[in-house]
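Colleague: I have just opened this entry and would like some help in reading it. Could we go through it together?

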Amino acid sequence: MQKIFSFGFWNSIARLILRNRIVIIVLILIATYLLSTQWKNMQFSYTEANLMPDDHEVNVSYNGFLEKFGEEGNLILLGVQDSALFTPEKFKAWNKLTDTLLTYPEVDQIISPASLQELKKFEDPKRFEMVPVLPETDLDSDILAAFENKLFTALPFYENLVYSSHSNTIQSALYLNKELVNTKARKIFVLEELEPLIAEFEEQQGIEIRVSGMPYIRTLNAQNIVDEIGLFIVAALLVTSIIFFFFFRSIRATIISMVTVCIGVMWAFGFIGLLHYEITILTALIPPLIIVIGIPNCIFLINKYQQEIKKHGNQAKSLQRVITKVGNATLMTNVTTASGFATFILTDSQLLREFGVVASINILAIFVLSLLIIPVIYSYLKPPRDRHLKHLNTRWIGGFVDWMENMVRNHRIAIYISSLALLILSIIGIYTIKVSGSILEDMPQETQFYKDVKFFEREFDGVMPLEIMIDTKRPKGVLKLSTLKRMNDLESKIEEIPELSKPLSINRLVKYSKQAYYNGNPKYYQLPTSQERNFIMPYAKGLSSSEGIMQSYVDSTGQYARITTFMKDVGTEKMEEIENDLLPEIEKIFPSERYEVSLTGKALLFQKGTSYLVRNLIISLGLAILLIAGLMAWMFRSFRMILISLVPNLLPLIVTAGVMGFLGVPIKPSTILVFSIAFGISVDDTIHFLAKYRQELKANDWKIKRSVYAALRETGVSMFYTSIVLFFGFSVFMISSFGGTVALGGLVSATLLFAMLANLLLLPSLLLSLERSIANKETLKEPAMRIFETEEEEANRDQQNN
């Protein structure tokens, strides 16, 4: 019954395809057109990818902070490390640049040296006012020289805001409109307005401007992803077509395969648009991934077609057998690959869920396209000539197969010793792996914006905001001197941590008020005593309402305060150390019965999100292994065979993890993704081999050795072809400028190469060594799904069809 269902079903599919060729072509064209209309819905995210669920406590805390203080990632920094800026001509040009930028609706405010104000004390009436440091006109060399000296020596309020405490570097801070910072308007402003203005200034004045800040980094990073999608697709098509042609030596076969995967890429973009998913660093990988995974489908189908033509020369019978014999096996291998990606759907990360949905849908779609397009196109073409079939007898391929058989036949002990040695070394390497949550680590390190980020890290101690929100549990509790002193104590602790910048808080304004009270003497830039506070308060009464300075660091009720520090791009491990250092200090300084203090900000959000994502990816890998093991259990009905089949697929994953440890490649979202992808793809070879092995057992009256060697010779060439295509196909990702994508490409390629060798050497060796315990009709029961049929069954079916 199972046999009738399996091959009867595929016979029906073959007849349906070959008898309705025109209809199928029309349907594919219509589907492609309809999906192409969805391309317009593809869009890039203008916010950071949320790596955790919305109800996660870290997200809840961050959203609570945003409700009190608004968007914190709206700052773009323009830095200059050139003393020539303080010359009249260049300073006026800089002033003109900032004035021009201020006219754009995307810019709310600019703090620039040219527009600096200082706090002054006035007696009648008693008040503080912010007055310009520089006159509006007559900026001669003497005035600018005096201003430069005053800025770096007498205005500590602006330290790390306008000037660097490490050198004479100055910066202007652009605060973008919080309503527009996470919209397309940000991208337009950065790429079409800000960058041209900066380039014009640099060309005219000969001064280099460094640019950074989260909105700028996010915009240029997203643009790099856009630019690389096209590069990946072209490179993947070029590499796979060259390898395909090298194997088949047929322009016709190469073109047919390229047409198939190109339609698959068009469908991939269409599904992304149809689902209204955003293009992320993960979904951007799907189109080239479809090319790399789709080509092996083409190899199996075309290779089988050519083998059948060489065998009997009947084109109609060949096409029918391609569908019936390869269709079933290819379906199962694509299902297992899709299953590996589909496990991402079960995670709590939206980023991974979307990737899993689109990848699994498109893997199945490229299978359908391959099964429909290749037989239909070949049915309209003349059968391949002898020169197209020469690759089937290529000497070096025969030599490779002979080498494999010799190794399995005569050197099994060497194979086991090598495998065991690799396993031990890999386990040692695994213990040295670290987890990394660096925001910048995977960004293109040759780009100017990456170099600028490193510049600001050196000069201003970081650009990644880390926020501390303090709830005093009572209105106006922030302005109590006891609270301000506690905040000052915490800020002193923060300054002791070299990875964090000098903090910003309401204390800066309070300290500046005391300095202003003492006529601007910088040695009085400190918190006032209780007695001094009484003298200063009459001067400070209207300051917050008139200037709005306090709004950024104290909420409207005066109950909540924030301390902002900027962090260098450190990994997860160092970030956890910093967090563990700060939390005890916070608990000591702010008693929990009187204050509620929380750490948040984009730096912490990313670090926590990375750890969460890595845990989800490990879970998805476990699910993929269980799911695929379940599929194989259903197909082969043998627990022992499942264990044997998992060994050559898990060993390459362990070896790759060991290599990562020895090479210092950390575990991060881009590298942990390697294991699920590689496992889902590598197990395809195992399915092909074991299915053919079981068929040979029945044909050879359960003679193990003969069956193993026959299966090895039959499937070895196709496994070699597909593995080489996959190896070079995934190697394409190594041309990326993103470190994570490079690591993904290199590690998946290496893993698949290990997996090929394991499936061609270790798997048959295990079958031969354990033949007594696995090679009997009770152990290898009739499978639930028949992947291949025997020659006898095939002859009987042909006779019935005739």
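Modeller: Gladly; we will go from the whole chain to cavities, ring pairs and backbone angles.

Modeller: This is a predicted model, where local features need pLDDT of at least 70, side-chain atom pairs count only at pLDDT 80 or more, and totals for chains, interfaces and linings use all residues. Residues are numbered from 1 along each chain as its sequence is written, and side-chain values use heavy atoms, with hydrogens and water left out.

Colleague: How many helices and strands does the protein chain have?

Modeller: Helices (H or I, at least four residues) and strands (E, at least two) are DSSP runs, numbered from the N terminus. The protein chain has 26 helices and eleven strands.

Colleague: What share of the residues is buried?

Modeller: Buried means under 20% relative accessible area, exposed over 50%, and partly exposed in between (1.4 Å probe, protein chains only). Of the 802 residues in the protein chain, 58% are buried.

Colleague: How do I look for empty space inside?

Modeller: Rolling a probe the size of a water molecule over the atoms shows where empty space is left. On a 1 Å grid over the protein atoms alone, a cavity is a set of points where a 1.4 Å probe fits but cannot get out, and lining residues have an atom within 4 Å of a point. Grid points are joined across faces, edges and corners, and a volume is the space filled by probe spheres set on the points. Here there are seven cavities of 30 Å³ or more, and the largest holds about 160 Å³. It has 13 lining residues, and P296, F300, I681, D684 and L726 are the closest to its centre. Helices α9 (286–312), α10 (315–342), α22 (669–699) and α23 (704–731) each give two or more residues to this lining.

Colleague: And which ring pairs could I look at?

Modeller: Rings of Phe, Tyr and Trp (its six-membered ring) pair if their centres lie within 6.5 Å; planes under 30 degrees apart count as stacked, over 60 as edge-to-face and the rest as tilted. The whole structure has 21 aromatic pairs. One of them is F91 with F147, edge-to-face at 6.0 Å centre to centre and 70 degrees between the planes. F91 lies in helix α4 (residues 88–102) and F147 in helix α5, so the pair ties together parts 56 residues apart in sequence. F91 is buried at 1% relative accessible area, and F147 is buried at 3%.

Colleague: Where is N160 found?

Modeller: N160 is in the loop between α5 (141–154) and β6 (170–176). Its phi is near 65 degrees, a positive value in a residue other than glycine.

Technical notes. On a 1 Å grid over the protein atoms alone, a cavity is a set of points where a 1.4 Å probe fits but cannot get out, and a pocket is an open set with protein on both sides within 12 Å along at least five of seven lines; lining residues have an atom within 4 Å of a point.
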